[in-house]
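Student: Could you take me through this structure? I would like to begin with its overall layout and then turn to details.

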Amino acid sequence: TMPNPDDPIYRRKLKILINPHSGRGTASRVWRRVEYMLAACELDVLRTQYRNHATEAVKQMQISDYDAIIVVSGDGLIHEVINALCSRDDGDQARMCPVSMIPGGSSNALAQILCDKSGEEVTAENCCFIAAKGNMHPLDISLMRTESGKLIYSFLSLAWAYIGDVDIESEVCRCCGPFRFDLYGFWRLLALRRFNATVTWEDEEGEHDETGQFIYFVVCNTPFIGTGLNFAPKASIEDGMNDILFVRGNAGRRGLLQVLLREDSGRHVDLPQLNYLKASKWTLTPENNRGIYSIDGEFYPTEKLTVEVLNNYATVLVL
Ligand code: ADP
Ligand code: MG
């Protein structure tokens with residue numbers, strides 16, 4: 001039977017996906033601590049056993065049986081869930097199923113975004129309250145078409161050049177927790193890589209393009225792209241736009257370091273070497289497919305991308 005929220009003894013039914021591998025194994029510990037807060041809800045708990053387990057589960061589940069899907073993990077598992085929902089045959093209904101997060105990974109941007117929108121501090125307890133009491137809220141999705149024909153639904157970000165390298169290559173330091181990004185980031189700044197590419201984008205004024213050398217290239221769909229990382233202070237999750245940030249090669253290590261030191265606070269956007277623009281459609285063509293793509297923190301092979309922002313496409317929960 002379909003959930004009927006008007007029923008006075010109605011219990012919200014939640015699909016809970018826990019990734020025991022996330023962070024330093026923190027998700028299981030967090031869940032044991034906060035599970036009691038969801039006692040009034042009917043829970044259907046799945047612990048993911050391998051990469052893409054959540055994808056398979058969400059592709060097969062009877063969506064109408066649930067009020068929401070709650071991920072106890074980081075942004076990587078949210079990426080799996082949103083891609084599974086959007087690529088279902090009944091995608092236009094499935095994408096209306098709200099997705100929310102209880103932070104348990106090494107990067108939990110969605111928890112930060114939803115707590116911010118709810119006017120709450122970012123804690124696992126507040127995220128439980130959002131899961132139990134939150135209302136549906138739309139979220140833009142960046143639809144990325146790769147040259148080889150893949151479709152990727154991105155809810156958060158694309159990082160290429162410096163940040164892409166650090167996001168993905170720092171996986172080897174996973175045991176260090178979130179500190180891995182600082183550790184590896186420092187090393188990657190010393191051994192800085194430069195990449196050639198062409199970027200084109202569309203805004204109200206028409207089409208623009210930029211060809212040259214890049215050391216930093218990040219596209220954000222949301223103001224935060226990681227815990228405490230206010231990369232795109234002008235971004236909104238429902239404006240139908242991506243915020244594109246890049247630094248040209250001529251800014252050098254020093255120019256890049258200035259940007260990196262201010263990213264947490266969002267003050268990097270005032271620096272002259274940081275280019276900041278908004279677009280609803282854009283393409284990135286990296287020369288010789290060099291560099292690493294980190295899409296919502298997940299590794300993807302580098303190739304030409306054509307991107308279109310789908311306004312209010314997915315659904316999340318906020319108070
Ligand atoms: P973190 O923020 O710590 O990276 P994520 O939620 O982003 O945590 O998860 C990281 C990756 O782990 C995701 O790409 C997900 O597909 C993968 N994953 C999920 N379950 C498992 C598992 N049981 N073993 C290994 N990897 C998994
Ligand atoms: Mg946006």
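Tutor: The conversation below goes from the domains to single strands and residues.

Student: What kind of model is this?

Tutor: This is a predicted model, in which local features need pLDDT of at least 70, side-chain atom pairs count only at pLDDT 80 or more, and totals for chains, interfaces and linings use all residues. Residues are numbered from 1 along each chain as its sequence is written, while chains are lettered from A and ligands numbered from 1 in the order in which they are written.

Student: Into which domains is the chain divided?

Tutor: The chain is divided into domain 1 (13-133) and domain 2 (145-311), with bounds that come from an automatic or database domain assignment. Their C-alpha centres lie 25 Å apart.

Student: How many residues of domain 1 are in contact with domain 2?

Tutor: 15 residues of domain 1 are in contact with 16 residues of domain 2, where contact means that C-beta atoms, placed from the backbone, lie within 7 Å. On the side of domain 1 that touches domain 2, α3 (75-86) and α5 (109-118) are the elements that give two or more residues, and α3 gives the most, with 7 residues. Helices (H or I, at least four residues) and strands (E, at least two) are DSSP runs, numbered from the N terminus.

Student: And which residues come nearest to ligand 1?

Tutor: Ser22, Ser73, Gly74, Gly76 and Gly105 come nearest, out of 21 residues around ligand 1; a residue is near if its C-beta atom, placed from the backbone, lies within 6 Å. The largest share of this shell, 4 residues, comes from α3.

Student: Is helix α6 mostly covered or uncovered?

Tutor: Helix α6 (residues 124-133) is mostly covered, with 7 of its 10 residues buried. A residue is buried if 20 or more other C-beta atoms lie within 10 Å of its own, exposed if 12 or fewer, and partly exposed in between, with C-beta atoms placed from the backbone. Cys127, Cys128 and Ile130 are among the buried residues of α6. The elements that the buried residues of α6 pack against include β1 (13-18), β3 (68-73) and β15 (305-318).

Student: Let us change to strands. Which residues form the covered face of β12?

Tutor: In strand β12 (residues 281-286), the covered face is Trp282, Leu284 and Pro286, whereas Lys281, Thr283 and Thr285 make up the uncovered one. Strand β8 (residues 195-203) pairs with β12 in the antiparallel sense over 6 bridges; pairing requires that DSSP finds at least two bridges between two strands. Thr285 in β12 stands opposite Thr198. β12 also pairs with β15, in the antiparallel sense, over 4 bridges, and Thr283 has Thr306 in β15 as its bridge partner.

Student: Why is strand β7 described as largely enclosed?

Tutor: Strand β7 (residues 157-161) is largely enclosed by the rest of the structure because 5 of its 5 residues are buried. β7 pairs with strand β9 (residues 206-220) in the antiparallel sense over 5 bridges, with Leu158 opposite Val219 in β9. Strand β13 (residues 293-295) runs antiparallel to β7 and is joined to it by 2 bridges; there, Ala159 stands opposite Ser294.

Student: One last residue: is Asn4 buried or exposed?

Tutor: Asn4 is exposed, with 7 other C-beta atoms within 10 Å. Asn4 lies in the segment before β1.

Technical notes:
Contact = placed C-beta atoms within 7 Å.
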